[in-house]
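Okay, everyone, thanks for coming. Let me put the structure up on the screen, and then we'll walk around it together.

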Amino acid sequence: MYSIQILLVVVMIAMIIVVVRSYLLHRQPIFKRFGLGMLIGFITDFGDTLGIGSFATTTAAFRMTNYIDDDRKLPGTLNAVHAIPVMFQALFFITAVKVELTTLLPMTTAAVIGAYVGTHVTKKWHAPTVQRVMAIALLIAVIIMIVRMITTPGSNNSMGVHGLHGWWLILGIVFNFGIGVLMTMGLGNYAPELIFFSLMGVNPAVAFPVMMLDAALIMPTTALNVIKMDRVSWRGFAGVAIGGVLGVIVAAKFFTSMDVDLLNKLIVVVALWTIFGLLRDSMKKNV
């Protein structure tokens, strides 16, 4: 596991260098609306650390505050701005629960390849297409969240299962490739992966390191690609990222056992409103 932690640190440093370079060379407005960005980052990555996810909440917050002015850049921005906080998450949790490397490494590799493919699939999408795909992704996330709240999947699964084998592992690799593609379109990986592992007989506590490592490597892979393609909104980037890191630290240290049922219900309502807004805007005539 130490080699994975070293890899995460190296990728995090590379991501920081890319952001700093964009600021110094191109004067990107990464410190604009810094206070609001910190608040958004803190709240969304606090929830992300608790397993709620950050994409739905960040999408809602960005649209309510007009934080970015081009929805075509929304999926790329979600991945880029949360990449550093999610790598902090993975560093906190990757050694907390035993999980077999023969499951962790192939599934994460498949997810990273999926993210690389996904950024190229979506690079020429117009704003209405992005808005509709984002709305569909959010709707899928809402449905999964409701299922989780009603059924608490996997809670009775044995803690003695630490990985997937045989055909189940192959299915997991294919599934994670798809998750990597979908994350570049705005669908978070936590809820779908939790449902998948639960159906495979794995306890959610065991699945957490896989979910976090997937996100921690999918996001920078996506980020580095979309930055090259100029599909990231830089306004307030530093505020959201720094606030996100603080949110991860607070959640990991003090509130990892808190009841998140009320938060989930609130997020479902906010996400449904955001879906309505995305679909409404996608129907408007492009000017």
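So, here's one to start with: leaving aside its neighbours within four places in sequence, which residues is Asp-214 in contact with? Have a look while I say one thing up front: this is a predicted model. Okay, here's the list: Asp-214 touches Met-107, Thr-108, Ala-111, Asn-176, Asn-189 and Glu-193, once you leave out the neighbours within four places in sequence. And where does Asp-214 sit? You'll find Asp-214 in helix H9. Is Asp-214 buried or exposed? The relative accessibility comes out at 0%, so Asp-214 counts as buried.

Let's stay with that helix for a moment, and bring in the core. The largest nonpolar core has 69 residues. If you want landmarks, Leu-8, Met-15, Met-87, Phe-197 and Phe-237 are the ones with the most contacts inside that core. And which helix gives the most to this core? That's H9, running over residues 204-228, and H9 puts in 13 residues.

Now step back along the chain a little. Between helix H8, which covers 190-199, and H9 there's a loop, and Gly-201 has its place there. Gly-201 has a relative accessibility of 25%, so Gly-201 counts as partly exposed. Try finding Leu-164 from there: Gly-201 and Leu-164 are 37 residues apart along the chain, and their C-alpha atoms are separated by 9.2 Å.

Right, on to the rings. How many aromatic pairs does the structure hold? Six. I'll show you two of them.

Take Tyr-23 and Phe-31. Their ring centres are 5.4 Å apart and the planes sit at 85 degrees, and that's why we call the pair edge-to-face. How open are these two? Tyr-23 has a relative accessible area of 27%, so Tyr-23 is partly exposed. Phe-31 has 45% relative accessibility, so Phe-31 also goes down as partly exposed.

Compare that with Phe-62 and Tyr-67. This aromatic pair is stacked, with 5.1 Å from centre to centre and 5 degrees between the planes. Phe-62 is at 2% relative accessibility, so Phe-62 counts as buried. Tyr-67 is at 1%, so Tyr-67 counts as buried too.

Back to Tyr-23 for a second, as there's more around that ring. Tyr-23, Phe-31 and Phe-34 together form one aromatic cluster. And Arg-27 joins the scene: its charged end sits over the ring of Tyr-23, 5.5 Å from the ring centre.

Last stop, the salt bridges. Searching the whole structure turns up two of them.

One links Arg-63 with Asp-71, and the closest N and O atoms there are 2.7 Å apart. Is Arg-63 buried or exposed? Well, Arg-63 comes in at 19% relative accessibility, and the cut-off for buried is under 20%, so Arg-63 counts as buried. Its partner Asp-71 is at 13%, so Asp-71 counts as buried as well.

Then there's Arg-72 with Asp-70, where the closest N and O atoms are 2.9 Å apart. Arg-72 is at 44% relative accessibility, so Arg-72 counts as partly exposed. Asp-70, on the other hand, is at 16%, so Asp-70 counts as buried.

That's the tour. If you take one picture home, make it helix H9: H9 gives the most to the core, and Asp-214 is found in that helix. Okay, over to you for questions.

Definitions and conventions: Residues are numbered from 1 along each chain as its sequence is written. This is a predicted model: local features need pLDDT of at least 70, side-chain atom pairs count only at pLDDT 80 or more; totals for chains, interfaces and linings use all residues. Side-chain values use heavy atoms; hydrogens and water are left out. A nonpolar core is a set of buried Ala, Val, Leu, Ile, Met, Phe, Trp, Tyr and Cys residues joined through side-chain atoms within 4.5 Å. Buried means under 20% relative accessible area, exposed over 50%, partly exposed in between (1.4 Å probe, protein chains only). Helices (H or I, at least four residues) and strands (E, at least two) are DSSP runs, numbered from the N terminus. Rings of Phe, Tyr and Trp (its six-membered ring) pair if their centres lie within 6.5 Å; planes under 30 degrees apart count as stacked, over 60 as edge-to-face and the rest as tilted. A charge sits over a ring if NZ of Lys or CZ of Arg is within 6 Å of the ring centre and within 35 degrees of the ring normal. A salt bridge is a side-chain nitrogen of Lys or Arg within 4 Å of a carboxyl oxygen of Asp or Glu. Contact means heavy atoms within 4.5 Å.
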